[in-house]
Structure formats: C-alpha cells, structure tokens
Amino acid sequence: MKSIFSFLFFFFIGTSLCFAQNKDQVKPERYTMSGYIKDGATGETLLGATVYIKELETGTTTNEYGYYSVTVPPDSFTVKFAYIGFNDFEDRYLIKENITVNIELAPEAEELTEIVVKANSNREQVNSTQMSVDRLTTKQAKILPAIFGEVDIIKTLQLKPGVSSGGEGSSGIVVRGGGPDQNLIILDEAIVYNPNHLFGFFSTFNADAVKDVQLYKGGFPAQYGGRLSSVIDVRLKEGNRKKFSGSGGIGLISSRLTLEGPIVKDKGSFMFSGRRTYADLITRTINKANEDNPDFDKIPNYFFYDLNTKLNYDLGEKNRVFASGYFGRDKFSFRDDDINFDFDWGNTTTTARWNHVFDPKLFLNTTFTFSDYQYTINTEFDEFSFELTSGIRDYNLKADFYFAPTPQHNIRFGGNLTYHDFTVSRLEANIETEDEPLFASTSLLDGWEMSIYANDDFEVNDKLKINLGLRGSGFANQGTFYFGLEPRVSTKYSIKDNLSIKASFARMYQYIHLVSSSGASLPTDVWFPSTEKIKPQISDQLAVGFTLSIGEQFILSNEYYYKWQQRQIDFKDGADLFINPDLEQEFVFGRGYSYGTEIYLEKKEGKLTGWLGYTLAWTWREFPDISGGQRFHPRYDRRHDISIVMMYELHRKWTITGSWVYNTGNAYSLPASRAIIFEGPGVQPRIVNIYPERNSLRQPSYHRLDFGLVYKFFPRFGEADLTLSVYNALDRRNPYFIFFDIEETELGLPVSITPKQVSLFPVLPSLTFNFKF
Amino acid sequence: MNKIKQLFVPIIFSVFTVAYIGCDLEKEIEIDLPEVENQMVIECYLEPGKPYRVLLTESQPFLDPVEDPNTLPTISDAIVVISRNGVADTLTEGEFLDFVNFKVYNYGSSTLVSNDLLSEYRIEVTDQEGRFAFAETRILPIVPIDSIEVDFNETDTAANILTWFTDPPETNYYRRVLNLNTLTSEPEQAFSANDAVFNGDDVVFGTGFDYTFGDTLITTLFHIDEDYYFFLETVSAAEAANNNPFAQPSFILDNIEGGIGIFTGLSYDRDTVIITE
C-alpha cells in the first residue's frame, strides 16, 4: 500500500522536478503572468476562458476558479484573452518579472450573448487533449423548450450524443451504457446523491443559480473518480460583484427568485436562489372545500423546493474564500380517516472553499464539503405507527494544486478523503397500547474513501499534446480495504490547424453502489458501501475520435468508444430491497460492456445556432444468476439516438427554438406464458406470469418534437421575457410502458388479453414569465 | 411494509392524473411474444395427517385466452411418485377435492403425510411427452400462536386483532393468512415474512379497526421453508409486475427441477376468535 502511495507522490513531485530541471538547463529565466478572468458586467469568474500568446503560438485556459497562469521567457508579448459570448481583449505585455493581470471581459451585444450555445471556442476544442466532454451554459438551457416550462440543465445534457434519459420525462441520465447510478454528480464539488425531484421528472438544479455545467463521458481527468460512467460537474453562480441584481420567473408549476449582489464591491458577493412548486396549494384548497363531502376521495399533497446560496470574498490578492449550500426537499403527504402518510426526501450540500495563490505558478484550492441525502416515511394506521429513515451522509476534505511551470505543462495534483456514513435503514414500529416499540431495527454502515492523483497536460510540440494522469484510490470498511490504480491518458494530434485526432483511456473505480431494482428513480433507493462480499465496480474505457473546426461557426466531432465494466451489480429475482437488514445477500454480480460511436455537429454562432447529434451504441450485461447466464440488454440500451436542436433569432425581441429527438425503444420484458397457482390453503388461486429471458423485447421507437418561442421585452426595471414551450408538439403517443388489459372470469382466468401501450405526456404547452433586474 | 411499497405507483399516477384527463394516452398495440414451450406446473402441499395430493397442470402461452373457463389445463396420464425416506408411492389420477380449503387436485393417494420432522420427501413426475420434474422437501415444526388480542377503538364500534407469537432463534419464514368467517373466503390478509427484523423476539401481526361484533376471524400462522417463501414472494412480484412500469420482471423462484411450482410441507397453527361485546 505504502509503496503505491509513495509511487504516486513521486510521480507528480518527480514530474515537477524534471520540468524544473529542464527549465534550469534550457532557459534559466522565465517569468509568470497570472490572474483571474472575469465577466466585466457581474464580476463572475469565467471558467475555461482562453489566454493566447501570439508570438509563442501557445496559451492556456482558466481553471474552474477562473485563474490562469502562463510562464514565458522574458520578453514583450501580445496576449489575447477570449471567452465566447464576450468581446476578445488583446494587449501587449512586457513580462520581465512575475506579473498579475486580472481581466474583465465585456459581454458582447445582447443579440449574440443570448444565443451562445457553448462556452469553449472551436480552437480550444480542437487543441485540447480532453475528449468526450460537453460544457453547457445555462443561457442555452433557458431558451430551449422544456416540459411544463421547467428549465432543466440535466435534460439539456440528454440532448447530447452518448447521453440518454432514463425514460420519458426523466432527468436521470445514462451515459455510454453506464447505469443511472454510475454518474458522479457534484454541485460546487459536493456530491449530490439524488439529483431528482418528483421521482426523476425534474432535476434538483435550479438553472437560475447555476453558472456552468461540464459533463465528462470518457477520458476522465485524474481529479475525478468514484463513479464508472460520467462526471457532471455543476458550478453555482458566485453572485454579482458590481451591483445588486435579481432574476426570477413564474411558471406553470413553480416560481423562482434569485438575488445577488456585492458584499463589498469587487471584493465579494452573495447569491441566494429559491424555487418552489405550488400544486399542493391547490390540492389543499380542494381537500378543505370537500371536507364534509363523504364521497370525495382526498387528493395527496405534494411539493418540492430548492434553496441555493453562495458567498465569496477576496482576502487580498492571493486568497479567496467561498461558502455555498444547497437545501432541497420533496414533501408528499396523504391524510384520510384511516391512514396518515408522510414521505419526505431531499439533499443538503455544503461547500467551504479556500483558493490560495502560493506563487504565480502554483494555485491551491482546498475544499471541505458535506453531502447529505435522507428520506423519511411516517405512516399512522389506526393505532399503529411506522417510521423509516434511510440515507447517506458524507464529510469530504480535498486539496487540488494547479502548477504551470512552463507554457507546455499544466500540472494538477491533489488528494481527497471522504467519510461516508450510511443509514441503510432505521425502522421503528409502534402501537399505541405499548410503551416499547413493537420492533425496531437499525442498519448503519460507514466507510472511508480516499484518493490521490496527479496529471500533466503536456504540449510535446505544436501538433502533439498528451494528458498523462494517475489516480490511486482506496476504500476502507469494517476491516476490508480495497485499493485501485486508475491510469488516465488522453492525447491529441493536430493534423491541421482545424483538425485533430484524439484518443483516451480511463480506468474508474466505484466503491459505493445504489440499491435500486426499479426502472424509475425512486427516493427510496439506498446507497450501499463495498464490503468483503461486495467488491468495487471497475470500468475501462477506450475512446478514439477526431475534432474538426469548419470555419469559425461549425465544429464536427466523431468518437468511437468501448467500455468494459467489471463487478457489475444487480439483484436476485424476488429480492427484498426495502428495509432488509441483510441486503448483501440480495446482490448478484456480473459484467457489462458497451460500445458505439457518436457524431456531433454544432453551429456555435450566428442567428441560427444548434447542433445535430447521432449515437449508434450497444450495451450488454452478463450475470451468471440472471437469465441463465445469457447476456442481455439493460432497459436503457438504445441502438440509435438522434437529437437535433435549433435556436433561431428572428428579431431582437423574438427567438424561436426547437428540438427533435429520436431513439430506439427501451428493452423490456413481458411474460411469454402463464400458469395457474393454487398457492395453499386460505387463499384463492391466481394466474401467474412467466417471463422468458430478461429484456428480450423492444418498445416501439421514441420520437418527440418540442417547440419554443421567446418574446423579450425591456421594462423599466430591466429585462423580461415570455417563453412559450410546447413539449411533444406533434402530440405523439410515445411508449412509457406496455401492459396487458385482461378480461377475466370470476376465477381469474383470462378470456381476452389485449396488449396496450400507455404514454405519459400528450402535447403540453406552457408559458413562463421570466424577469431580470 | 408491502402497503408502503405499493403506494409508489398511486403516488406517481395521482400526480399525473391531470395529464390523463381528456387525453387518450392508452392505445392497443400488437406484440409478438417469444414462443416458449409449455412447462409442467406442480403444486403439492404436504400436511401432516392428510393424504398426498398433487395438482399437475401446464403453463399456457400468455396471449392465448382460455378456451373453457371451467376446465383447468391439467396434465393426464402422468406418473406421479412421492417418496418418504425412499419409500415410493405412485399417486393415482382423479379428482380430489379439498372442501375445507376449496382446492382441487388431480393426483392423489390414501397415504397420509407423517408428522415426523425428520422424514425426507421427494416427488417425481413424468408425463406422456417425456417431461420429467422432481423436488424434495421436509416438514417444519409448528410455531404456535401465543395469543390473539381483540382491541376496540375509542368509540368501541370497531375492533382489530393482534396475533402474538414467539419467533424461534434461527432464521424462519412465515405466512400469515387471515380469513373472515370462513376459510374459503377471500383472505383479509395473506402475506409472507422473514424474521430478519424480529429474529428471536415476540412478534405481533395486526390489522386495522376493520371488524365488528359477530365477526369470526380465522388466523393461520404457517411456518414455511425458504423455498416456499421465495416462491410466494416471486409469485406476488410476478403478478405485480404486469401493470407496473417501475417493477423489474420477476422470475418465479421455486424448488421444482424441470418444471414450475412448489413441493413443500405445511405446518401451521390456527386460531379462531369471534368478536363479542
């Protein structure tokens, strides 16, 4: 063990020394230009903004905190700072000592900024070693049509190739054949364990509070780990450092308000954002009005809310501190004469961060995060009461160093330590007549997850760039310790200025597992640690592809991938996953593999913007204990997946948007035969369905056209718009599930059987009023 | 607990009820199901002191409606043998009615099931098509009902019943069936449970305040083996999976090699209470 950690330590220290030595031998004098790049209008830092030194034909990009650092020989240079949606800034700098240059870029004219679809430029995409990544700004998500008008960044990501939804209307995502539980979803670096509201129909991310989203599908940088299939890195807005401002909206099912402003101008800011649905206000009124009506069936009450907050403050030139938090809850309740049922679930995350510039070349981010997901079910039934709680709580400390010794090397290294506290179940049942609980059961587990990593984004020459990384991860739980070495390699070779080929390999370990046997994202899904019996899941992904910039406006990419997944987890047939203190016995283990290709063409600027994505993919699972060991497709295997997204600015005030998605139907199971079972004394005979091998059938294909119209106007207080969204504009009946409508005799014997398809959403128009001041 | 599990589907559907109003979101479709061979379905419950009885039927293609609702898809001319500790008894074909439990069997024998807990039983079935199936089991000890309590609500107009028993220390599985007035009635409760959360404790199975004066409640507490427990659980799950888009399809877990069904012993304690003032 020790030797492995020592190896990793010397890997990055050695690498640094090697470069330092190289520097001494070749060019003894070098100086560093560093600083932050910010939005001139709000003071928000810009992530991934480019810094390009014309004479050297090289450059760098800002990190996740808007910081850049570039080290050059002493001379005078023309440096260009750029970020899409902002005017470029170019100036000459005499660099004969270390200098700090903080830049505030001015947003481009309004007509262009609202239609910018992607944050990184063509040049950056072609030249970067990073492949299999999508970055979104929330501006894009906000104008695309959305179900019930609820803007959802996760659903916008589902429109990218290689990414598909868990099902109709679901904000769960499936990436390159990985399960919905194999996505690492982080909000300001804190893990969000259940990123869904309303059983997956809406995500927990309020677009008003979000600044930037990055989705990694492969070629994972070494700083990320813990899940097999994807990383969704969501960053909250920091708040306007220039002036007090706000934004919000009133929609069909929810309203939202965001307030932000300076704590001290240009030194610190705050952001507070909230969202709440209000269907429960209507159902409560209806229930109250019918209180005395004995024939009225009460309607359950349901609502959810999200609160986001963030504070940041500069402590001088070299230190910056942040604190951010998220608190969200779903609340469901039902009351009638016989039963009171309350079901609450939600996430809490907290992040405290300290950015420190040791030296212009060395930047440190230290983060403490707290993540909590809990659900509680309370039921009162006559004199019985029953309470169940389950969840997971994490305490995480991590440090990330950014070291840029030369323009050719961008080194990043660090480590993190997480304590996981699992409440698999805490159950208590009581009866009014007894003082003591009828029965009580608690299943608590914990574990330590740790990692250290280092990677170097190394520009070998003007054509070849390699990102070489290594991550060592470990997990300790009740005397069991697992260790994994996770090599990460990405490389880019430029064939021409506008064309590069890329390849990547990444190994990922996943030490905690989601216990979920249903097709939907249920709040009762439980996270479970690796144990002596349950070994960590492993994936290896190989990807190759090219990126071609066609002029300034278009970019085309094509990737091929193959992913091997070891120690995949499923559950025994008839497994009891709900309140089972011996859950480990219900797991079965197997393997999986997926492969495919993704084509992506994007138009990034102009009056018409948008993209076309196509994915051809196969996903397989193979478990000795399922379907007799024969391989099968998981439910979310989709052979073809097409998405077309377009946004067209008709006029300064009018924007028209549309998207069309097509995919192969879900794999699913239906019974092939039936048997009559008498089932012993005291019960009636029943008809039982017998299923063939798992997921041997296909639902009809899915396609949907959405349409949107945005009308902008400019009242005295600032800006406003009315957004019309039409979800499923063609009113197509897409399959949600298929069932058999069976007409039976008194004994339950079928006399007619009709297969039927149920669709979830017809055409759904909605209108949202948004404002900004 | 099962009640709570079953609440998820109504929760989701209640939220989207509004979407369905006035919208035709359900339509008939055509499906080609994979062709599978019919399998032998064997059910045999060995009850100490009662004769051997077996119901032998076969599975049917799912989309084929029953031609005659009064006829079971029984298998004729099969050789059905039950052995106790290696001593074989070939059952004869016929119509064997169990009027107490309202059951019917098509193979039987006059041999009585022993209450010897050490005996090992084996069933072998061979039919005219050459299909062969077998299974093994034994009889479990009875877990007695300690007491049955009747409680009334605050207005003394409705009663519930509490069935108390003591769970033995090792891993145990139960099936609780509660019938109102007669054993042939649709059961008020029929569920199976394992003792993972109450192992070795005093246990109570309760009801709501659903009963009134004059009601006769028949409580049966079956002590069942693991095979029967998983058979019941997967049969229930398979039944529930049909119209539930959130359920995984459940494959029947049973102890019949070469067929479907269950061969198990029946050990139970039964108590009857009449609710009086």
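Two strands pair if DSSP finds at least two bridges between them. The exercises below concern a predicted model.

**Exercise 1. Which strands form the open four-stranded sheet of chain B, and in what order do they stand?**

*Solution.* Step 1: begin with one pair. Strand 5 (residues 79-84) and strand 9 (residues 121-126) of chain B are antiparallel and are joined by six bridges. Within this pair, B:I82 has B:I123 of strand 9 as its bridge partner.

Step 2: extend the sheet on both sides. The order in chain B is 6-5-9-10, and the pairing is antiparallel.

Step 3: identify the edges. Strand 6 (87-90) and strand 10 (132-137) of chain B each have a single partner strand, so one side of each lacks a neighbour in the sheet.

Step 4: consider the twist. On average, neighbouring strands of this sheet are turned by 20° against each other, direction ignored.

**Exercise 2. Describe the hairpin of strands 2 and 3 of chain A.**

*Solution.* Step 1: establish the pairing. Strand 2 (residues 50-53) and strand 3 (residues 58-61) of chain A are antiparallel, with four bridges between them.

Step 2: fix the register. A:T50 has A:T61 of strand 3 as its bridge partner.

Step 3: examine the connection. Four residues lie between the two strands, and A:E57 takes a positive phi near 50°.

**Exercise 3. Which strands make up the open sheet that contains 4(B), and which of them are at its edges?**

*Solution.* Step 1: read the order. The three strands stand as 41(A)-40(A)-4(B), with antiparallel pairing.

Step 2: locate the edges. Strand 41 (686-690) of chain A and strand 4 (60-61) of chain B each pair on one side only.

Step 3: examine the pairing across the chains. Strand 40 (residues 673-677) of chain A is antiparallel to strand 4 of chain B, and two bridges connect them. The bridge partner of A:R674 in strand 4 of chain B is B:Q60.

**Exercise 4. Which residues have the most contacts inside the largest nonpolar core, and which element gives the largest share of this core?**

*Solution.* Step 1: state the core and its best-connected members. The core has 69 residues, and those with the most contacts inside it are A:V688, B:I42, B:V54, B:L56, B:V125, B:F231 and B:I252.

Step 2: find the main contributor. Helix 3 (residues 226-241) of chain B supplies eight residues, the largest share.

Step 3: follow one member. Leaving aside neighbours within four places in sequence, A:V688 is in contact with A:R674, A:A675 and A:I677, and also with B:V235, B:A238, B:E239 and B:I252.

Step 4: note the separate core. Another core, of 67 residues, lies apart from this one and includes A:I147, A:V174, A:A190 and A:F422. In soluble globular proteins, nonpolar side chains tend to be buried together.

**Exercise 5. Characterise the overall fold of chains A and B from their secondary structure, burial and contacts.**

*Solution.* Step 1: count the elements. Chain A has six helices and 47 strands. The radius of gyration of chain A is 27 Å, close to the 28 Å given by the globule rule for 773 residues, so chain A is as compact as a globular protein of that length. Chain B has three helices and 18 strands.

Step 2: give the extent of chain A. Its C-alpha trace spans about 95 × 65 × 55 Å along the principal axes.

Step 3: set out the burial. In chain A, 52% of the 773 residues count as buried; in chain B, 35% of the 277 residues do.

Step 4: consider the contacts with a separation of 6 or more. Residues 24 or more positions apart account for 63% of these in chain A and for 66% in chain B.

Key
Residues are numbered from 1 along each chain as its sequence is written. Chains are lettered from A and ligands numbered from 1 in the order in which they are written. This is a predicted model: local features need pLDDT of at least 70, side-chain atom pairs count only at pLDDT 80 or more; totals for chains, interfaces and linings use all residues. A residue is buried if 20 or more other C-beta atoms lie within 10 Å of its own, exposed if 12 or fewer, and partly exposed in between; C-beta atoms are placed from the backbone. Two residues are in contact if their C-beta atoms, placed from the backbone, lie within 7 Å. Axes are lines fitted to C-alpha atoms, for helices over the stretch in contact, and angles run from 0 to 180 degrees between N-to-C directions. The radius of gyration is taken over C-alpha atoms; the globule rule is 2.2 Å times the number of residues to the power 0.38. A nonpolar core is a set of buried Ala, Val, Leu, Ile, Met, Phe, Trp, Tyr and Cys residues joined through C-beta atoms within 7 Å.
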